[in-house]
Amino acid sequence: MFIEMRDAVKQYGHGEAAVRALDRASFSMKKGKIGVILGASGSGKSTLMNMIGGIDKLDSGRIMVDNCDISQYSRKQLVGYRREKIGFVFQFYNLIPNLTARENIETTRDIAVNESIDIDEIMDTLNMTSFANRYPSELSGGQQQRVAIARAIAKNPALLLCDELTGALDSKSSKDVLSYIEKINREYGTTVLIITHNEAIQQMADMVIHVKDGRVVSQEENDNKISAQQLAL
Ligand SMILES: Nc1ncnc2c1ncn2[C@@H]1O[C@H](COP(=O)(O)OP(=O)(O)OP(=O)(O)O)[C@@H](O)[C@H]1O
């Protein structure tokens, strides 16, 4: 298994104010697949993603990613893990406003430890050469998200983690952005986890994981996968 989470527990706060964001959550996923994690607001999706991405540490339980037992890692080891293995894409792009699209992408390539993907090739894959020299404020939301995806993928991570990546986009831009995620999965073999509360997105997944009250309540393979362009968003 490429990702294996077992009995993950993460609690925030203490005493009366304590919240169990993850409550013995378990799931696994194979390499090269697209997984969609669904759940209501507050169910623990972002916490689950943060743990897999090595942003934070579990209280107990185990997480293996690409043969690394990251639940045993120190904070310092997690920095190296994130740098080498993980690309992040968030709802609000988080681009650097005074850098062009191309320069934004170059920021991650500069710190890459893997053999990075050629910037021109990525821009071609994401069909963004026409706006490579524009600043984020000159781009639509969908274009900005493409820059964020290109930036995440430039260091050639094994795992791309996307938290509500279409949350701020209209239906057409959402389909376009998700189609580019499919393309990256196909062309670079990147394993993808998409966190969303949009039920429709599960139809493009190989694996659908439902989270409720900090627990993984189901994990199912999707035998009737459709392309992102066919989604009813
Ligand atoms: N840093 C934190 N400090 C305190 N409580 C937290 C923290 N992070 C998350 N929580 C709590 O843990 C629970 C799960 O939160 P989480 O953000 O993982 O859910 P989510 O499913 O991603 O929600 P949303 O879809 O609204 O982003 C919630 O009750 C939340 O309030």
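## Helix α5, the core and the ligand shell

Helix α5 has 13 residues, which at 1.5 Å a residue (times one less than the number of residues) should span 18 Å; its end C-alpha atoms are 18 Å apart, so the two agree. Helices here are DSSP runs of H or I with at least four residues, strands are E runs of at least two, and both are numbered from the N terminus.

This is a predicted model, in which local features need pLDDT of at least 70, side-chain atom pairs count only at pLDDT 80 or more, and totals for chains, interfaces and linings use all residues. Residues are numbered from 1 along each chain as its sequence is written. The chain averages a pLDDT of 94 (the predictor's confidence in each residue, from 0 to 100).

In α5, 11 of the 13 residues are buried, meaning that 20 or more other C-beta atoms, placed from the backbone, lie within 10 Å of a residue's own. They pack against these elements, with contact taken as C-beta atoms within 7 Å:

| Element | Residues |
|---|---|
| β6 | 86-89 |
| α3 | 101-111 |
| α4 | 119-125 |
| β7 | 159-163 |
| α6 | 171-188 |

The largest nonpolar core (buried Ala, Val, Leu, Ile, Met, Phe, Trp, Tyr and Cys joined through C-beta atoms within 7 Å) has 61 residues. Helix α5 gives this core its largest share, six residues. Ala 150 is among the residues with the most contacts inside the core, and its partners include Ile 105 and Met 128.

Turning to the ligand, 13 residues surround it, and Tyr 12 and Ala 21 are among the closest; a residue counts if its C-beta atom lies within 6 Å.

How values were computed:
Buried ≥ 20, exposed ≤ 12 C-beta atoms within 10 Å, placed from the backbone. Contact = placed C-beta atoms within 7 Å. Lists of a residue's contacts leave out its neighbours within four places in sequence.
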